[in-house]
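Please open the model in your viewer and keep the sequence panel beside it. The tour below moves from whole chains to single elements, with something to select at each stop.

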Amino acid sequence: MKDIPALARGCAVLGTGGGGDVRTGALAAVRAIEAHGEVPLVRLADLPEDALIVPLSGIGAPTVSHEMIHGEDEPRRVAEEVERIFGRPPAAIMSSEIGGANGVAPVAWAAQLGLPLLDADGMGRAFPEVQMVSMYVAGLPADLVVMSDIVGNVVTIRPVDGLWSERLARAVCVAAGSHALMADYVLTAARARGAVIEGTVTRALEIGRATEGVAEPLAALQRRLGAARLITGKLTDVERRTTGGFVRGTATIEGTGDDRGRTLRLELQNENLVAVEDGEVRAMVPDLVTVVDTETAAAIQTEGLRYGQRVAVLAWPCDPLWRTPKGLETAGPRAFGYDLDYVPVEELVKEESRG
Amino acid sequence: MAEGDLRVGIDVGGTNTDAVVLDASDRVIAKAKRPTSPDVTRGLRAALDAVLAELTPYGTDPAGSGPGAAHAVWSRITRVMLGTTHATNAILERRNLGRVAVLRLGAPATTSVPPLSDWPADLREVVSAGEAVVPGGHYVDGREIGPLDPDAVRRFLDGVAADAVAVTSVFSPANDEHERVVEELVRREYGLPVSVSHELGSLGLLERENATVLNAALYTVAGHVISALTTALAERGLPARPYLAQNDGTLMTVEHAARLPVSTIGSGPANSLRGAAFLSGVEDAIVADVGGTSTDLGVLVGGFPRESAAAVEIGGVLTNFRMPDILAIALGGGSVVRGHAVGPDSVGYRIAEEALVFGGGTLTLTDAAVAAGRLPPGASGWRERLEAAVTAADMSEDIRDTLQRALAVADELALDAVDRMALGRADRPLVAVGGGAFLLPARIPGVSRVVRPEHAEVANAVGAAIALASGRVDTIMPAGESRSKAIERVKEEAAARAVAAGADPSGVQIVDLLEVPLSYLSEPAVRVHVKAAGPLAR
C-alpha cells in the first residue's frame with residue numbers, strides 16, 4: 001500500500017467530480033503508514049465467514065473537513081464501540097465510498113487500527129447521501145450507526161431504516177461541528193458477499209497507475225476505464241447555486257479538434273450526474289461521468305471546474321448492482337430529481353455513433 | 001520646475017530590475033533597466049542609480065545646473081516602492097531562511113495530518129525547529145474545540161531553538177482569539193517574532209499553516225530587504241518613505257512588510273498587470289507581459305488582477321495565497337527558432353549578442369517578428385542587420401521560410417493562451433507590455449484590439465509606483481438576518497487593515513466583496529471575503 005499517490009488519483013477519477021479532495025486523506029495515509037506500518041489489502045474471499053467488517057467514512061461539510069482535519073484517535077473509538085456491541089474486535093476496515101477523499105482516508109484509518117483494508121467499497125464511485133450504498137440496495141438493515149467526533153464523543157444510533165439513518169447521522173454530524181467519522185452497516189464477511197462492490201481498491205490503484213509516466217495519459221486512462229469519451233473541448237460556462245445544502249450547477253463544454261461544433265452540457269450536484277448533447281442524454285447517474293484534464297488526465301472536481309479549462313468528459317458503466325430496480329430507485333436519475341428513465345451509457349453511446 | 005512629489009517604482013524581475021520615476025501627475029519622467037544580480041540587492045542599487053541619473057536633467061534649468069541641482073530634484077522624491085523576488089528566491093534556493101517553531105492549536109482534532117506533512121524534505125529540514133499540535137482552536141460556528149493550554153505551549157517552546165514561531169489555530173479566520181493569546185504569550189515570555197495565521201490566509205488549515213510558517217521563515221530576509229532599501233535611500237540622501245509591493249498589486253509599509261514578508265511573493269506579475277492598466281487607461285483587459293524567455297498572461301478586472309482560484313505552490317509548498325491568475329507560456333524575445341519550432345529554450349539576456357538583428361548567429365523569435373515587420377518603437381537598424389544576415393547566408397530562402405513559419409507557430413501559441421484567459425469574452429482589449437510587447441501580432445481573435453502603451457517595457461515598475469495600500473478579511477458568518485450587519489463589520493475590519501498597511505483613512509474603498517454559500521451545514525452560513533484599498537497616506 002505504498003502507492004498512495006496512485007490510489008489518490010484513482011479515487012479522484014472514481015469520485016465523478018465529488019467525494020471531496022483526496023489530498024488530506026492521502027497525507028494522513030502516508031503519515032499513518034510511516035507510524036504504524038503497511039496496510040495489507042484483503043479480498044472478501046480470504047476472510048472467515050464471521051469476520052467483522054467495518055465500513056468507515058468521514059461525513060460533513062467539505063469546507064470544514066479542510067480546516068478541522070480528523071484526529072488520530074477517531075478510528076480507535078469507533079472500533080472499540082463496535083467491539084463492545086458485537087463482542088469481538090473488527091477484522092477489517094472497508095471504504096464506504098471509493099470515490100474521492102473517503103477512498104484514500106480508510107488506508108490511514110486501517111493503519112491506525114493495525115487492521116487490513118478490504119478490497120471493496122459500498123459505491124464503486126461517490127454519492128452524496130448516506131443511504132446510497134450497496135448494502136442498502138442489497139437489503140441489509142440500516143439498524144446501526146457508530147460515530148465519533150474530534151473531541152472523543154461516541155454516538156451509537158439504532159435507526160429504523162436507511163432514511164432515518166441519514167437524518168440522524170446528519171444531525172449528530174452538525175452538532176459535532178459538521179465533521180465526524182462514521183461506521184454504518186457493520187457486517188460479517190458472510191453478509192458482505194453480494195452486498196459490497198468488490199475489487200474497487202485495486203481498481204482505483206490500477207486507474208491511478210494507468211496514467212503514470214505514459215506519453216498519452218488521457219488515452220491510457222480511457223482504455224483502463226473502458227470509458228466512452230463524450231467530448232474533448234473547452235469549458236465555456238460554469239453556473240453554480242446552493243439549494244438544500246447541496247451545490248447544484250451546470251457546466252458547458254464546447255468541442256475542439258475533431259469535436260469542433262459540438263456542445264456538451266453537464267448537470268452537477270456535488271457529482272457529475274447527467275451529460276446532455278443537443279437535448280439528448282449521453283450518460284446519466286448511476287453510470288460514472290468524470291471530467292479530466294486533457295493533458296494530465298487528472299480528474300477535476302465539480303468545484304474546481306473553471307472557464308477555459310481544456311477537458312475531456314469520460315463516461316463508463318457503473319456496477320451492475322446500481323442497475324437493479326432497487327439500485328435505480330436509490331441512486332438513479334429520479335433519486336436526484338431528474339425526470340429521466342435510466343438507459344445504460346453503453347446504449348446511449350452506441351446510438352450516438354450510429355446516428 | 002514642476003512642483004510636487006516624485007515617486008520611484010522599482011521591480012526586481014527574473015532577468016531585469018526596472019526602475020521608473022513618476023511625477024505628481026503620474027507621468028513617467030525617468031526610466032531605467034539593469035540586469036538583476038544574483039544577490040538581488042546590487043541590481044536594485046544599480047537600477048536606482050541609473051534612474052536617478054536620468055532624472056537629474058529633469059526640471060533642472062541650465063542656469064541652476066551644478067553639484068546641488070541633482071539633490072534639488074532628488075529631495076522631491078517622497079516615496080519609493082519596491083517589488084522584489086528576494087522572498088521567492090530565498091524559498092526556492094532554501095537560503096537565509098529562519099528556523100521556525102511550528103505550533104498548531106486544535107488537538108485532538110487535526111492530529112492525523114501533522115504540520116509540514118506535505119513539505120519537501122529539504123525545505124522542512126532547513127525551516128522547522130520542531131512541530132507540535134496542542135489543545136485549542138474553534139469549531140466552524142466559533143465555539144471552542146477546547147480551552148487553550150498555555151503550559152503545553154511553553155513545554156513545546158522550551159524544547160526548541162527557534163528564530164521565530166508560527167501559530168495556526170483551527171478556524172482562526174472565524175475566531176482568532178487563541179492565536180492572539182499565544183502570540184502575546186510568546187512575545188512576552190520568549191521575545192520571539194510570531195507569525196499568526198489569521199493575518200495571512202483563508203480557510204483550509206494546511207495551506208494557511210504553510211503560508212504562516214513560510215512567513216515566519218522569511219523574517220530575516222525581510223529584514224535584509226528593508227535595511228538594503230532604507231540604506232540605499234539614506235546613502236543617496238533620498239528623504240523618501242519606502243514601501244514594498246505585495247501579491248495582489250497593492251503596497252504595504254516596511255513595518256507591515258516586516259510582519260508579512262510572504263505577501264511580497266508574486267508581486268511581479270501583479271505589478272505588471274497594474275502598470276498595464278495604468279499606462280493604457282484600460283481597466284478591464286487581458287494583459288500579456290512579454291519578456292525574454294516567457295510571456296505571462298493575466299486578466300484585469302476593474303483595474304486589479306483577477307485572482308487565481310486554485311491553490312498556489314511556492315517552492316514545493318501548497319498555500320492558499322491569493323495570487324494573480326497567471327498563465328505563463330515559454331515564448332519570449334529570446335526564444336530560439338529551429339526547424340518549425342519556437343523555444344521553449346531562450347538565449348535569455350544574451351539576446352543583445354546572439355539574435356540576428358543584433359549581429360549574432362542564433363535565430364530567435366525577435367528575428368522572426370522583425371522579418372515580418374514587427375518592431376519595437378525607436379528600433380533602428382534592426383531590419384537592415386537582419387536583411388544583411390539573411391542575404392549573406394547560404395540558404396537565405398530557407399531561413400526566410402523558417403522565420404515565417406516560426407512566427408506563425410508563436411502566434412498560434414499566443415492566440416491559444418489569450419483564448420484560455422479570455423473565458424469566451426471577446427469584447428476586451430489586449431494590453432501588451434514588457435520588453436517583447438512588439439512580438440505580438442496587431443490583430444488577435446478573441447480580443448477587441450491590441451494596445452501597446454508608451455513605457456510598456458517598464459510597466460511592472462510603473463505598477464509598483466502607482467499602487468494603493470490594501471487590507472483584506474476572509475471569514476465565515478451566519479447567513480441569517482444578522483448577515484448585513486456582520487458584513488458591515490467585516491468591511492470596517494478590511495478598511496482598518498488597509499489603513500494599517502499605509503492607506504489614507506479618508507480614501508479607503510471596498511474594492512472586492514465575495515460571498516460564497518457553504519454546503520452541508522445546518523445553519524446557513526456564508527464565507528465572506530472583503531478587500532479594501534486606498535491611496536497611500538501623505
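How many helices and strands are there in chain B? Select chain B and colour it by secondary structure: there are 16 helices and 23 strands in this chain, and please bear in mind throughout that the model is a predicted one.

**Chain B as a whole**

With chain B still selected, turn it along its principal axes, where the C-alpha atoms fill a box of roughly 80 × 60 × 45 Å. A compact globule with 538 residues would have a radius of gyration near 24 Å, and the 25 Å of chain B agrees with that. Buried residues make up 54% of the 538 residues in this chain. If you display contacts in chain B between residues at least 6 apart in sequence, 68% of them join residues that are at least 24 apart.

**A residue in chain B**

Next, select helix α16 of chain B, which covers residues 483–500, and within α16(B) pick out Ile487(B). Is Ile487(B) buried or exposed? The answer lies in between, because 17 other C-beta atoms are found within 10 Å of Ile487(B), and a residue counts as buried only from 20 upwards and as exposed at 12 or fewer, so that Ile487(B) is partly exposed. Now add Asp23(B) to the selection and draw a C-alpha to C-alpha distance: Ile487(B) and Asp23(B) are 38 Å apart in space, with their positions 464 residues apart in sequence.

**Chain A as a whole**

Hide chain B and select chain A, whose secondary structure comes to twelve helices and 16 strands. The radius of gyration of chain A is 20 Å, close to the 20 Å that the globule rule gives for 355 residues, so chain A is as compact as a globular protein of that length. Along the principal axes, the C-alpha trace of chain A spans about 60 × 45 × 40 Å. Buried residues account for 56% of the 355 residues in chain A, and, of the contacts in chain A with a separation of 6 or more, 73% are between residues 24 or more positions apart.

**Three strands in chain A**

Select strand β13 of chain A, residues 271–277, where five of the seven residues are buried, so that β13(A) is largely enclosed by the rest of the structure. Then add strand β12 (residues 263–269) of chain A, which pairs with β13(A) in the antiparallel sense over five bridges; here Leu268(A) stands opposite Asn272(A). The two strands form a hairpin with one residue between them, and Asn270(A) in the turn has a positive phi of about 60°.

Now add strand β14 (residues 280–284) of chain A, which runs antiparallel to β13(A) and is joined to it by four bridges. Look for Val276(A), which stands opposite Val281(A) in β14(A). This hairpin has two residues between the strands, and Asp278(A) takes a positive phi near 50°.

**Two packed helices in chain A**

Finally, select helix α2 (residues 22–36) and helix α5 (residues 101–113) of chain A, whose axes come within 8 Å and cross at roughly 20°. Because this angle is under 35 degrees, α2(A) and α5(A) are roughly parallel to each other, and their crossing is left-handed. To see the contact, show residues such as Ala29(A), Ile33(A) and His36(A), which are among those contributed by α2(A), together with residues of α5(A) including Val104(A), Ala108(A) and Gln112(A).

Key
Residues numbered from 1 in each chain as written. Chains lettered and ligands numbered in written order. Predicted model: local features only at pLDDT ≥ 70, side-chain atom pairs only at ≥ 80, totals over all residues. Rg over C-alpha atoms; globule rule 2.2 N^0.38 Å. Contact = placed C-beta atoms within 7 Å. Pairing = 2+ DSSP bridges. Axes fitted to C-alpha atoms, helices over the stretch in contact; angles between N-to-C directions. Parallel < 35°, antiparallel > 145°, perpendicular 65-115°, else oblique. Left-handed = near helix turned anticlockwise from the far one by under 90°.
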